[in-house]
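This briefing goes through one protein chain, from its overall build to a few selected sites. Please keep the sequence and the structure in view while reading.

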Amino acid sequence: MRACWRWFGDGDPLSLAEIRQTGVRDVVAALSERRPGEAWPLEEVRARAEKVRAAGLFWTVVESIPVHEDIKKHTGEWRRYVENYKTSLRHVAACGVKTVCYNFMPVLDWTRTDVQTRLDDGSVVMTYNPYEVAAFDIYALKRPGAAEAYDAATVARAAEIWAQATDADRQRLEKTILMGLPGTVDDLTPAEFLAQVREYESVGEQDLRDHLYGFLNEITPVLEETGLTMAIHPDDPPYPIFGLPRILSTAADMRQMCAACPSERVGFTLCSGSLGGSLANDEVAIFHEFARRIHFCHFRNLVHAPDGVFRESESHLTGKVDMPALMLELLREEKRRGEKIFLRPDHGRQFAIDRHRPCYWGYSFVGRLTGLSELRGLECGLRRAYGL
Ligand code: DNO
C-alpha cells in the first residue's frame with residue numbers, strides 16, 4: 001500500500017509537520033472552501049500543493065471534488081458544472097494529483113446516528129442505528145410517506161425510540177444526521193433537508209445511474225489527457241435512506257458502472273467501512289472482482305449487531321471486514337500492476353489523549369495512527385508469508 005493521510009487544510013488541528021511523522025508521504029486533501037459546482041482556480045490549487053510540498057509531502061489524492069446536486073438531478077446549470085469539474089480536474093492534475101475521490105450520494109454524504117459511542121475503556125467510536133434514522137424520518141422530519149416506507153417492526157421500534165427520547169436526545173440525533181461530517185458540505189436544518197430530499201421525487205434510481213454514467217463518460221477524455229483516475233466512494237450506509245436513491249452500494253452497482261463506463265480510469269475507492277455497512281457485501285470478493293479499477297482505498301472495520309445496528313470497531317484488523325484477506329487482495333493487485341495503491345487509514349477511535357486536540361469525528365490522530373500501524377504490520381507479515 002502507499003499510505004496516505006487525510007489533511008483538512010489550514011483548519012485541521014493537525015499540522016503537516018505532525019502528519020509527516022506518521023511516515024506517510026502522500027496527503028489526501030481538497031479545496032473545501034470552494035462550493036460544489038465551482039471550478040477550482042489553478043493558483044489556489046497550486047498554493048495548496050506548494051504548502052504540502054514545503055512540509056516534505058505530496059498532495060497526491062483529492063478527496064473530494066464534490067459533484068453539484070444539479071449534476072445528479074440534471075437540473076439547473078448542470079452542464080456548466082460539468083465543465084467546471086473538468087477545469088478542476090485539469091488544475092489538480094497540473095499540480096501533481098493522481099486520483100480524485102468523490103461520491104454520488106444525493107443530498108447527504110456519509111451518515112451516522114451517534115458520533116460519541118463510548119466503549120468500555122472510554123474510547124469513542126461512531127454508530128449507525130437504522131431505527132433511529134427511521135424515528136427521525138417519521139417523527140422529526142415527517143417526510144410524506146415515511147411511515148409506509150419501513151416495515152412494521154422498524155416502525156414499532158422507531159416509535160419506541162422517539163417516545164423514550166428526551167428533547168436533548170432528539171436534538172442530538174437531528175444534529176448528528178444533518179451535520180456536515182467531513183466530506184459533507186453544509187449543515188442542513190430539517191426543513192432545508194426535507195426540501196432537498198423532495199427535489200429527488202422525480203429522479204428515479206435509473207435516472208441517477210444514467211446521470212452518473214453520463215457525467216463519467218463526459219469527463220473521461222480529461223482523464224485520458226491528464227492521466228488522472230476517478231475513484232467513486234461507495235454509499236455509506238450502503239443502501240437507500242430517506243427514500244433517496246443510492247446507486248453505489250453493492251457489487252451489482254459497481255458492475256453496472258463498469259459496463260456503462262468502459263475506461264478503466266473510471267474506478268472506485270474501496271472503502272471497507274462503507275461497503276461493510278451491509279452484511280450482504282463481501283468486501284474481499286468486491287476487491288477481487290474490481291481490482292483493476294480500484295484507484296484508492298479507505299480501510300477500517302465495523303462491528304455489527306444482528307439487528308442491523310453497526311459501529312466502528314476497536315481495531316482496523318478485527319470485525320465484519322476480513323482485513324487480512326482484503327490486504328492480501330491489495331498486495332496481489334499491486335504485484336500484478338507493479339505499482340502501489342493509494343490507501344488511507346480511515347476513521348480511528350478517539351482516545352483520551354485525542355480529546356485535547358479537537359478533530360473531525362473519526363479523524364483523531366492517535367486513533368488513525370493506530371489503525372495505520374495495524375495495517376502496516378499486517379502488510380509486512382503478509383508480504384513475508386506470501387513472498388509478495
Ligand atoms: C468519510 C469520508 C467521506 C468521503 C466522501 C467522498 O469519512 O470517507 O466523507 O470523503 O464520501 O466523497
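**Fold and contacts**

Among contacts between residues at least 6 apart in sequence, 73% join residues at least 24 apart in the chain. The model is predicted. The chain contains 15 helices and 12 strands, and 57% of its 388 residues count as buried.

**Overall dimensions and surface**

- The radius of gyration of the chain is 20 Å, which agrees with the value near 21 Å that a compact globule of 388 residues would have.
- The C-alpha trace spans about 55 × 50 × 40 Å along its principal axes.
- About 15800 Å² of the chain is accessible surface, and carbon and sulfur atoms account for 51% of this area.
- The chain carries 48 positive and 56 negative charges, and the mean positions of the two sets are 6 Å apart.

**R344 in strand β12**

- R344 sits in strand β12, which covers residues 342–345.
- Is R344 buried or exposed? R344 has a relative accessible area of 1%, under the 20% cut-off, and therefore counts as buried.
- The side chains of R344 and Y363 form a polar contact at 3.1 Å.
- Not counting residues up to four places away in sequence, R344 touches C4, R6, V28, E63, F296, C297, H298, F299 and Y363. Y363 is thus named both as a polar partner and in the contact list of R344.

**Helix α5**

- Helix α5 runs over residues 130–141 and is mostly covered, with 10 of its 12 residues buried.
- The buried residues of α5 are P130, Y131, E132, V133, A134, A135, F136, D137, I138 and L141.
- Which elements do the buried residues of α5 pack against? They pack against strand β6 (124–128) and against helices α6 (146–149), α7 (152–164), α8 (167–178) and α9 (190–198).
- At the N-terminal end, α5 is capped by N129, which has a side-chain oxygen 2.8 Å from the backbone nitrogen of Y131.
- K142, just after α5, has a positive phi of about 55°.

**W59 in strand β3**

- W59 belongs to strand β3, made up of residues 58–63.
- W59 is buried because its relative accessible area, 3%, is under 20%.
- Leaving aside neighbours within four places in sequence, the contacts of W59 are V27, A29, A30, L31, W40, V45, R48, A49, V52, G96 and V97.
- A polar atom of the W59 side chain lies 3.2 Å from the backbone oxygen of A29, and the W59 side chain also reaches the backbone oxygen of V61 at 3.0 Å.
- W59 and F296 are 237 residues apart in sequence, and their C-alpha atoms are 14 Å apart in space. F296 is one of the residues that R344 touches.

**A285 in helix α13**

- A285 is found in helix α13, residues 283–290.
- With a relative accessible area of 38%, A285 falls between the 20% and 50% cut-offs and so counts as partly exposed.
- How many Å separate the C-alpha atoms of A285 and L57? The separation is 33 Å, for two residues that are 228 residues apart along the chain.

Key
Residues numbered from 1 in each chain as written. Predicted model: local features only at pLDDT ≥ 70, side-chain atom pairs only at ≥ 80, totals over all residues. Heavy atoms only, no water. Helix = DSSP H or I, 4+ residues; strand = E, 2+ residues; numbered from the N terminus. Rg over C-alpha atoms; globule rule 2.2 N^0.38 Å. Buried < 20%, exposed > 50% of the residue type's maximum accessible area, 1.4 Å probe, protein only. Contact = heavy atoms within 4.5 Å. Areas by Shrake-Rupley, 256 points an atom, 1.4 Å probe, with all protein chains shown as cover. Lys, Arg positive; Asp, Glu negative; His and termini not counted. Charge placed at Lys NZ, Arg CZ, Asp CG, Glu CD. Polar contact = N/O pair within 3.5 Å; in protein donor to acceptor, adjacent residues only side chain to side chain.
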